[in-house]
Amino acid sequence: MSKIDIIELLSIAKEKRASDLHLVVSSPALFRVDGSLVPANGTEPLKPEDIEEAFNELTVENDRNYFKEHRELDFAYSMPGTGYFRCNAARQRGAISLAIRLLPPKVPPWMNWSCLRYARTLSCENVASLLQQAQQEAVKALHWLP
């Protein structure tokens, strides 16, 4: 498989209940499932043009222009029926790499504004610990998706 279908890979990532999808040159597409990186079946090591094509499919022209200037871009992508994604693109060794985080379709009930009001009363060390726990819970929430 010389070309990758980024839309199909995102759908498969959701089916596998992956938390992330990684696209890096000279590696097959990788899903992060339960903390482990798992290669996507049927994908060969990616070429720079494969990842650039996926990047172009996920972004709009303004994003691409920003990326050309800054060599890094954080952006969001949504796919009806599949979900929302938080994406990071970076230029490494002359090629684009993509890290895509799958987000739960709904904010879990434990993650609400009252948590943030409570966090203001904590020390910086406690806030960092609270945020780390919240991130771990968000990854766990992905496993509850239908």
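## A tour from Asp 20 to the E4–E5 hairpin

Start by selecting Arg 32: at 26% relative accessibility, it counts as partly exposed. Keep in mind as you click around that this is a predicted model.

**Stop 1: the charged trio**

Now add Asp 20 to your selection. Its side chain and that of Arg 32 meet in a salt bridge, 3.7 Å from N to O. Colour the strands and you'll see what this pair does: Asp 20 sits in strand E1 (residues 20–23) and Arg 32 in strand E2 (residues 30–33), so the contact ties together parts that are twelve residues apart in sequence.

Is Asp 20 buried or exposed? Asp 20 is buried, with a relative accessible area of 6%.

Next, select Arg 101. This residue also forms a salt bridge with Asp 20, and here the closest N and O atoms are 2.6 Å apart. Arg 101 belongs to strand E6 (residues 95–103) while Asp 20 belongs to E1, so this pair ties together parts that are 81 residues apart in sequence. Arg 101 has 19% relative accessibility and counts as buried, because the cut-off for buried is under 20%.

Show all three side chains together: Asp 20, Arg 32 and Arg 101 are linked in a network of salt bridges. How many salt bridges does a search of the whole structure find? The search finds two.

**Stop 2: a step back to Ser 19**

Select Ser 19, in the loop between helix H1 (6–15) and E1. The Ser 19 side chain makes a polar contact with the side chain of Asp 20, at 2.9 Å. Ser 19 is buried too, with a relative accessible area of 7%.

**Stop 3: the rings**

Time to look at aromatics. The count comes to three aromatic pairs. For one of them, select Phe 55 and Phe 75: the ring centres are 6.2 Å apart and the planes stand at 80°, so the pair is edge-to-face. Phe 55 is in helix H2 (residues 48–58) and Phe 75 in strand E4 (residues 72–79), so you're looking at a link between distant parts of the chain, 20 residues apart. Both rings belong to buried residues: Phe 55 has a relative accessible area of 2%, and Phe 75 has 8%.

Stay with the rings and select Tyr 77 and Phe 85. They form a tilted pair, 6.4 Å centre to centre with 40° between the planes. Tyr 77 is buried at 18% relative accessible area, and Phe 85 is buried at 2%.

Then go back to Phe 55 and Phe 75 and add Phe 67: ring pairs link these three into a cluster.

**Stop 4: along strand E4**

Select the whole of E4 and show its side chains. In a regular strand, side chains alternate between the two faces of the sheet. Which residues of E4 point to one face and are buried? They are Leu 73, Phe 75, Tyr 77 and Met 79. Glu 72, Asp 74, Ala 76 and Ser 78 point to the other face and are not buried.

**Stop 5: the hairpin**

Finally, add strand E5 (residues 83–92). E4 and E5 run antiparallel, and eight bridges join them. To find one place where they pair up, pick Ala 76, whose bridge partner in E5 is Arg 86. The two strands form a hairpin with three residues between them. End the tour in that turn, on Gly 81, which has a positive phi of about 85°.

Note on methods:
Residues are numbered from 1 along each chain as its sequence is written. This is a predicted model: local features need pLDDT of at least 70, side-chain atom pairs count only at pLDDT 80 or more; totals for chains, interfaces and linings use all residues. Side-chain values use heavy atoms; hydrogens and water are left out. A salt bridge is a side-chain nitrogen of Lys or Arg within 4 Å of a carboxyl oxygen of Asp or Glu. Helices (H or I, at least four residues) and strands (E, at least two) are DSSP runs, numbered from the N terminus. Buried means under 20% relative accessible area, exposed over 50%, partly exposed in between (1.4 Å probe, protein chains only). Rings of Phe, Tyr and Trp (its six-membered ring) pair if their centres lie within 6.5 Å; planes under 30 degrees apart count as stacked, over 60 as edge-to-face and the rest as tilted. Two strands pair if DSSP finds at least two bridges between them. A polar contact is a pair of N or O atoms within 3.5 Å; within protein, one must be able to donate a hydrogen and the other to accept it, and residues adjacent in sequence count only if both atoms are side-chain atoms.
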